[in-house]
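User: Please take a close look at one part of this model, and walk me through how its pieces fit together.

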Amino acid sequence: MTTTTGAHDGRHDFDFLLGHWRVENRRLRLRLQDNAEWESFPATQHNQALPGGIGNYDDFLAPQWRPGLVGMSLRLFSPQTRLWSIYWLDNDTAGLDPAGALRPPVVGAFRDGVGVFEGDDTLDGRPIRVRYTWSDIGPGGARWEQAMSADQGRHWELNWSMLFQRAQA
């Protein structure tokens, strides 16, 4: 894995994710409610590069968890800031706010093989902070985790983890 130090600018940091994946999910049923009930389910994901090296996107299908749900992550790289912006889209909300604009992304970069991406969002009408963390990255697998904070990042609740295993196309 590369880092964003030196001559490396970070634009290829998500190249490891290109291709087909089997994904084991573990997700808290209720978020930021002192809940300890977890659910587990499989999913598949297929990641593709966007033209011109501006980023990538993937689909997320978990029919055993939510039949008919289609999710998508859109990752865009800024050559000026050397940061990635990650947007979550799905066929429930399209990833749009009530005004029709994309919901805010999480933004960040990889350092020493770990990617940390944070941003502001809302949950049940209240402001929260969201963090995505990518780690344990290798040719055959990776780990993604999502955490949320209701107090501007002083305390974090891990509420979703995914273990990626490379699959055949």
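Analyst: Happy to! Two strands count as paired if DSSP finds at least two bridges between them; strands are DSSP runs of E, at least two residues long, numbered from the N terminus. This is a predicted model, with local features needing pLDDT of at least 70, side-chain atom pairs pLDDT 80 or more, and totals for linings using all residues. Residues are numbered from 1 along each chain, and side-chain values use heavy atoms, without hydrogens or water.

Let's start at β6, residues 106-111, which pairs antiparallel with β5 (residues 83-90) through three bridges. One match here is V106 of β6 with I86. β6 also runs antiparallel to β7 (residues 114-123), joined to it by five bridges, and G108 sits across from F117 of β7. Two residues separate β6 and β7 in their hairpin, where D112 adopts a positive phi near 55°.

From here we reach the largest pocket (an open set of 1 Å grid points where a 1.4 Å probe fits, with protein on both sides within 12 Å along at least five of seven lines; lining residues have an atom within 4 Å of a point). Both β5 and β7 supply at least two residues of its lining, as does β9 (141-149). Of the 43 lining residues, R31, W88, D90, D121 and Q146 lie nearest the pocket's centre.

Q146 belongs to β9. Why does Q146 count as buried? Because its relative accessibility is 7%, and buried means under 20% (1.4 Å probe, protein chains only). Leaving aside residues up to four places away in sequence, Q146 touches R31, V130, R131, Y132, E157, L158, N159 and W160, with contact meaning heavy atoms within 4.5 Å. So R31, another residue nearest the pocket's centre, is among the contacts of Q146.

Notes: Helix = DSSP H or I, 4+ residues; strand = E, 2+ residues; numbered from the N terminus. Buried < 20%, exposed > 50% of the residue type's maximum accessible area, 1.4 Å probe, protein only.
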